[in-house]
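These are my notebook entries on a structure that was new to me. I record what I looked up, entry by entry.

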Amino acid sequence: MRTQDVFHGHTPYLVVWIVTYWLCFMPEIFLSMRLRSKKAAQKSDRGSMVFVILAANLAIGIGFLVMIFLPGFSINSGWKILFDAGIVVWLAGAFFRFYCMRILGKFFTYDVAISTGQSLIDHGPYRWLRHPSYLGSLVAYIGFGMTLTNWLAIFLPSLCLGVAFAYRIRIEEQALLKGLGAPYQEYMRRTWRLIPFVF
């Protein structure tokens, strides 16, 4: 079976995929239009928001391109199990990201900015990780790739997004160090950046 056959002749799988896509990506589109920094915030984005948005969309395109044009990397044996697992991973990553956004509350913005009266958030996943919402996104994109049942689709989209996050994290941490000072510097010393026990 070709990888793209997952989306032809298997209506229940296609319906589940479309619903998952909407659940994971449409809230991001809606929130990105609402959750921008206020005028009074000190903005330090340096183009990172646009870079991440472009990378996220490119990652989706890459996933489909390798699925269609590189069928040699298709995972044909047990593809249904991989697809089902991918849906679970995709949803888990997306919901974890939304949970992290909820914890940040009014301090969450899509562009890098320090709000007036901003304080350090160090509970929930932020107790261990400085950027857990980015980890959630990367996990979601791995799940997205798994649903395409192609080895390259599993890894390349998240790698593409990871490059954008690497730039974004550097910009964000510089802004937070400048805005929050010593408390954030101490917080950096006792937390991982993105992946527990690794990085």
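**Entry 1: a helix and its ends**

I worked from a predicted model. I looked up helix α5 (residues 151-180), which has 30 residues and reaches 42 Å from its first C-alpha to its last. That span is close to the 44 Å expected at 1.5 Å a residue.

I then examined the two ends of α5. The N-terminal end is capped by N150, with a side-chain oxygen 2.9 Å from the backbone nitrogen of L152. After α5 comes G181, and I noted that its phi is positive, near 70°.

**Entry 2: cysteines**

I asked how many disulfides a search of the whole structure finds. The search finds zero. For C24, I looked for the closest cysteine sulfur and found it in C100, 14 Å away; this is too far for a bond, because a disulfide requires the two sulfur atoms to be within 2.5 Å. C160 is in no disulfide either, and its nearest cysteine sulfur, that of C24, is 18 Å away.

I also checked accessibility. C24 counts as buried at 4% relative accessibility, and C160 counts as buried at 16%.

**Entry 3: a loop residue**

I looked up where Q118 is found: it is in the loop between β2 (113-114) and α4 (132-147). Is Q118 buried or exposed? Q118 has a relative accessible area of 16%, so it is buried, the cut-off being under 20%.

Finally, I listed the contacts of Q118, leaving aside its neighbours within four places in sequence. Q118 is in contact with F107, A113, L176 and L180. I noted that L176 and L180 fall in the residue range of α5, 151-180.

Terms used: Residues numbered from 1 in each chain as written. Predicted model: local features only at pLDDT ≥ 70, side-chain atom pairs only at ≥ 80, totals over all residues. Heavy atoms only, no water. Helix = DSSP H or I, 4+ residues; strand = E, 2+ residues; numbered from the N terminus. Buried < 20%, exposed > 50% of the residue type's maximum accessible area, 1.4 Å probe, protein only. Contact = heavy atoms within 4.5 Å. Expected span 1.5 Å × (residues − 1). Polar contact = N/O pair within 3.5 Å; in protein donor to acceptor, adjacent residues only side chain to side chain.
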